[in-house]
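Colleague: Hi! Could you pull up that small model so we can go through it together?
Modeller: Sure, here it comes.

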Amino acid sequence: MPRAFIGTNAIICADVTIGEGAIIGAGSVVTKDVPPYEIWAGNPARFIKKRG
């Protein structure tokens, strides 16, 4: 099982941690740490929902 899914053309800023099982939407710009098993998307990326 992959540890995280990162969509195409997503930008992860420096010093940002992506949690295990997280999903980052395509084209997103991640500026904050993403906790495990959460879905984030947008510019800037924001919380969408928890995976379950």
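Colleague: Let's start with S28: buried or exposed?
Modeller: This is a predicted model, and in it S28 is buried, because its relative accessible area is 1% and the cut-off for buried is under 20%.

Colleague: Okay, and where does S28 lie?
Modeller: In the loop between β3 (22-24) and β4 (29-30).

Colleague: Which residues does S28 touch, leaving out those up to four places away in sequence?
Modeller: S28 touches N9, A10 and I11, and also W40, A41, G42 and A45.

Colleague: What about polar partners for the side chain of S28?
Modeller: A polar atom of that side chain lies 2.8 Å from the backbone oxygen of G25. On the nitrogen side, the backbone N of G42 lies 3.1 Å from a polar atom of the S28 side chain.

Colleague: Nice. Switching topic: what is the secondary structure of the protein chain?
Modeller: There are 0 helices and 6 strands, so to speak a β-β-β-β-β-β pattern when read along the sequence.

Colleague: And how does the radius of gyration fit a compact globule?
Modeller: It agrees: the chain has 10 Å, and a compact globule with 52 residues would have a value near 10 Å. The C-alpha atoms fill a box of roughly 25 × 20 × 20 Å along the principal axes.

Colleague: How much of the chain is buried?
Modeller: Of the 52 residues, 27% count as buried. The chain exposes about 3,500 Å², with carbon and sulfur atoms supplying 55% of that.

Colleague: Last one: how many charged side chains are there?
Modeller: The chain has 6 positive and 4 negative ones, and the centres of the two sets lie 10 Å apart.

How values were computed: Residues numbered from 1 in each chain as written. Predicted model: local features only at pLDDT ≥ 70, side-chain atom pairs only at ≥ 80, totals over all residues. Heavy atoms only, no water. Helix = DSSP H or I, 4+ residues; strand = E, 2+ residues; numbered from the N terminus. Rg over C-alpha atoms; globule rule 2.2 N^0.38 Å. Buried < 20%, exposed > 50% of the residue type's maximum accessible area, 1.4 Å probe, protein only. Areas by Shrake-Rupley, 256 points an atom, 1.4 Å probe, with all protein chains shown as cover. Lys, Arg positive; Asp, Glu negative; His and termini not counted. Charge placed at Lys NZ, Arg CZ, Asp CG, Glu CD. Polar contact = N/O pair within 3.5 Å; in protein donor to acceptor, adjacent residues only side chain to side chain. Contact = heavy atoms within 4.5 Å.
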